[in-house]
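Open your viewer and get ready to click along. We will look at the ligand and its surroundings one selection at a time.

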Amino acid sequence: MQIHFTKLSGAGNDFIVIDNRNQSVHLSTAQINAMCTRRTGIGADGLILIEPSQRFDFSMNYYNADGLPGSMCGNGGRCAVYFAHSTGVPSADQGRYSFEANGNRYEAEITGHETVRLHMLDPEDFRNAVAIEGFSCHYVNTGSPHVVIYIDNRKLEDLDVYGFGKAIRLRSDVFPEGTNVNFLEITAPDSISLRTFERGVEDETLACGTGAVAAALMSFRLGKVSSSTVKVNVRSGDTLEVAFSEDLNSVTLTGPAKIIYRGIAEVQNDGL
Ligand SMILES: N[C@@H](CCC[C@H](N)C(=O)O)C(=O)O
């Protein structure tokens with residue numbers, strides 16, 4: 001079966017996006033995993049199906065690279081909106097899209113050349129300083145579950161994000177559903193540097209949108225940054241901007257979303 005797709009990058013978090021508004025594409029877990037596998041497939045952190053919605057401009061169905069449905073993907077949401085904009089998916093409000101993902105409504109707008117601002121859900125379930133694997137782990141759900149760790153006495157660039165991230169992600173006694181794990185350094189009163197191990201990719205990614213939101217909100221909550229607009233420098237070298245009200249609501253995530261290429265994949269019954 002041949003599938004037309006578009007590859008997008010949201011600050012280095014990369015996605016295969018498929019326009020499935022006619023609902024002709026049905027992919028299994030194994031097929032999505034094969035398409036997302038680097039070297040033998042197209043390669044991506046996740047796959048997004050753009051599907052019809054009764055109530056909004058479209059529905060975003062997001063799958064992690066392991067082929068399983070993911071929780072909210074902030075960079076994926078921004079890429080889905082950039083894809084919709086560049087593909088001519090109609091929107092009820094010019095220049096602004098509404099879509100559903102994981103049963104929630106999201107809104108986003110194109111704010112400049114290859115730049116998308118996404119309005120996020122209010123954060124939930126803050127937990128402070130739980131000791132796990134030798135780290136003081138803060139936790140918040142920003143649409144996806146995130147551990148936030150300040151690596152005060154080490155260098156972020158030298159940190160074993162894969163090893164430490166995986167060990168914490170696999171602590172099912174603390175996180176029965178798993179978690180994404182973020183390591184960060186405060187670099188100024190309004191900026192941080194961030195590296196993220198992602199659940200479902202099971203590796204470090206070059207950026208994570210809901211992780212950037214978790215890191216910015218947690219840092220403001222703990223008094224580690226003083227600005228409610230925080231620049232988050234991610235592994236790709238890009239910068240995401242997280243803005244919020246002082247009570248940590250009305251959160252937006254803004255940053256680059258780019259089309260890398262369009263292609264046709266030959267998908268076998270059991271994968272590529
Ligand atoms: N990269 C994403 C987060 C995607 C969801 C996550 N991997 C999960 O299911 O836990 C982002 O940009 O937010």
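Keep in mind that this is a predicted model. Begin by selecting the shell around the ligand: four of its residues are nonpolar, ten are polar and two are charged. Among the 16 residues around the ligand, the ones that come nearest are N13, G74, R199, G209 and T210, so named by their closest approach.

Next, colour strand 4 (58-64), helix 2 (74-87) and helix 4 (209-221); each of them supplies at least two residues of that shell.

Now colour by domain. Where does the ligand lie? Domain 1 (2-120 + 257-266) and domain 2 (124-250) both give residues to the shell, so the ligand lies between them.

Time to zoom in on some atoms. Select N64: one of its polar side-chain atoms is 2.9 Å from an oxygen atom of the ligand. Move to S71, where a backbone N or O atom lies 3.2 Å from a ligand oxygen atom. Then pick E198, which has a side-chain N or O atom 2.9 Å from a nitrogen atom of the ligand. Taken alone, the ligand exposes 370 Å², and the protein buries 100% of that.

Finally, show the cavities: the ligand sits in the largest one.

Methods: Residues numbered from 1 in each chain as written. Predicted model: local features only at pLDDT ≥ 70, side-chain atom pairs only at ≥ 80, totals over all residues. Heavy atoms only, no water. Near = heavy atom within 4 Å. Polar contact = N/O pair within 3.5 Å; in protein donor to acceptor, adjacent residues only side chain to side chain. Areas by Shrake-Rupley, 256 points an atom, 1.4 Å probe, with all protein chains shown as cover. 1 Å grid on protein atoms, 1.4 Å probe; cavity = no way out; pocket = protein on both sides within 12 Å on 5 of 7 lines; lining within 4 Å. Sits in = over half its atoms within 2 Å of the grid points. Helix = DSSP H or I, 4+ residues; strand = E, 2+ residues; numbered from the N terminus. Nonpolar A, V, L, I, M, F, W, Y, C, P; charged D, E, K, R; others polar. Domains from an automatic or database assignment.
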